[in-house]
Amino acid sequence: MINNMFDKNTSLSFEVFPPKKDDEFENAYKVLDSMATLNPDFISVTYGAGGSRSKMTAELTSYIQNTLHIDAMAHMTCVGSTKNDILSVADNLEKSGVKHVLALRGDRPRDMSDEQFNQRVFPHATDLINFLNKNTNLSISAACYPEKHSEAVSIDSDIAFMKIKQDMGAKMFISQLFFNNADMYRFMERCSAAGITAPIVAGIMPITSTKQIGTTVSLSGSSVPKALADICSKYADSPEDMRKAGIEFCVNQINDLRRGGVGHIHLYSMNKPKTTAEICQGIE
């Protein structure tokens, strides 16, 4: 069980995403097979905007759980969902033996009107967590933000929402990606002072191409420290050197976190088994 991994000081888990097209499924299974050889504590599978790939998420988490025999966690978003939608997805997961979900509000789908967004059934992740806790047997995890959520007024108000998530039934938290460990250390201290007792797992993303800074990272709202920005600038015209330097930065970040007492790491793998394996080899 995922919750039992906190009986030890360190853990390592991976996030993967489902393919955008049905005919790419075969490669998705190959990715998972490769990831399994690294013996992660669990593998999570993302959900797609508005739950657009929820069926694929269910299929992949079932494969992880029942074929690879690794604990699986299914992401679940609610921004465009009805109560019946959520119950249907939850029922499919439970029937397939998947016991863990990461409950998120999710990004607003591009085709969602202002009226639909304002009248959504689940306004916040806290509402989804509360609903799942009352209506399913799933073990619920939630997201947290070391640099605060982009919509939050302040870091303290954001942590107050974390406390609500915990009170609503969240058993652990996985952080948004970050690159400055000092931000995480301060965040952990504030969480402890605010009464957050659920374990917090640090979400780490390796930056192996300069393109990631302009896409994934900018969307996350995470700040980019000078050391990482310098790497991207130095190796902008050398993709392989950029990849190596990005892996080294990621390994150093994880090792520093573990030395600093943040031992539970969730690696945003970007479906790259080779890169993931190289990072695992470098972790102390």
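## A pocket and three helix pairs

The second largest pocket in this predicted model has a volume of about 150 Å³, where a pocket is found on a 1 Å grid over the protein atoms alone as an open set of points with protein on both sides within 12 Å along at least five of seven lines, and a volume is the space filled by probe spheres set on the points. Because the model is predicted, local features need pLDDT of at least 70 and side-chain atom pairs count only at pLDDT 80 or more, while totals for chains, interfaces and linings use all residues. Residues are numbered from 1 along each chain as its sequence is written, and side-chain values use heavy atoms, without hydrogens and water.

The lining of this pocket (residues with an atom within 4 Å of a point) consists of F179, N180, N181, P225, I231, A245, E248, F249, N252 and Q253. Helix α10, residues 239-259, gives the most to this lining, with 5 residues; helices here are DSSP runs (H or I) of at least four residues, numbered from the N terminus.

Two packed helices are described by the angle between their axes and the distance between the axes. The axes are lines fitted to C-alpha atoms over the stretch in contact, and angles run from 0 to 180 degrees between N-to-C directions.

| Helix pair | Axes come within | Crossing angle |
|---|---|---|
| α5 (residues 125-135) and α6 (residues 155-168) | 8 Å | roughly 10 degrees |
| α3 (residues 83-95) and α5 | 11 Å | roughly 55 degrees |
| α10 and α11 (residues 273-282) | 9 Å | roughly 45 degrees |

With axes that cross at roughly 10 degrees, α5 is roughly parallel to α6, a term for angles under 35 degrees, whereas over 145 counts as roughly antiparallel, 65 to 115 as roughly perpendicular and the rest as oblique. In this pair, A125, T126, I129, N130 and N133 of α5 meet F161, I164, K165 and M168 of α6, where contact means heavy atoms within 4.5 Å.

Helices α3 and α5 are oblique to each other, and α3 passes α5 in a right-handed crossing, which is one where the near helix is turned clockwise from the far one by less than a right angle. Their contact is made by K83, I86, L87 and A90 of α3 together with L128, F131, L132 and N135 of α5.

Helix α10, which also lines the pocket, is oblique to α11 and passes α11 in a right-handed crossing. On the α10 side, R243, I247, C250, V251, I254 and N255 meet K274, T275, E278, I279 and G282 of α11.

Notes. On a 1 Å grid over the protein atoms alone, a cavity is a set of points where a 1.4 Å probe fits but cannot get out, and a pocket is an open set with protein on both sides within 12 Å along at least five of seven lines; lining residues have an atom within 4 Å of a point. Helices (H or I, at least four residues) and strands (E, at least two) are DSSP runs, numbered from the N terminus.
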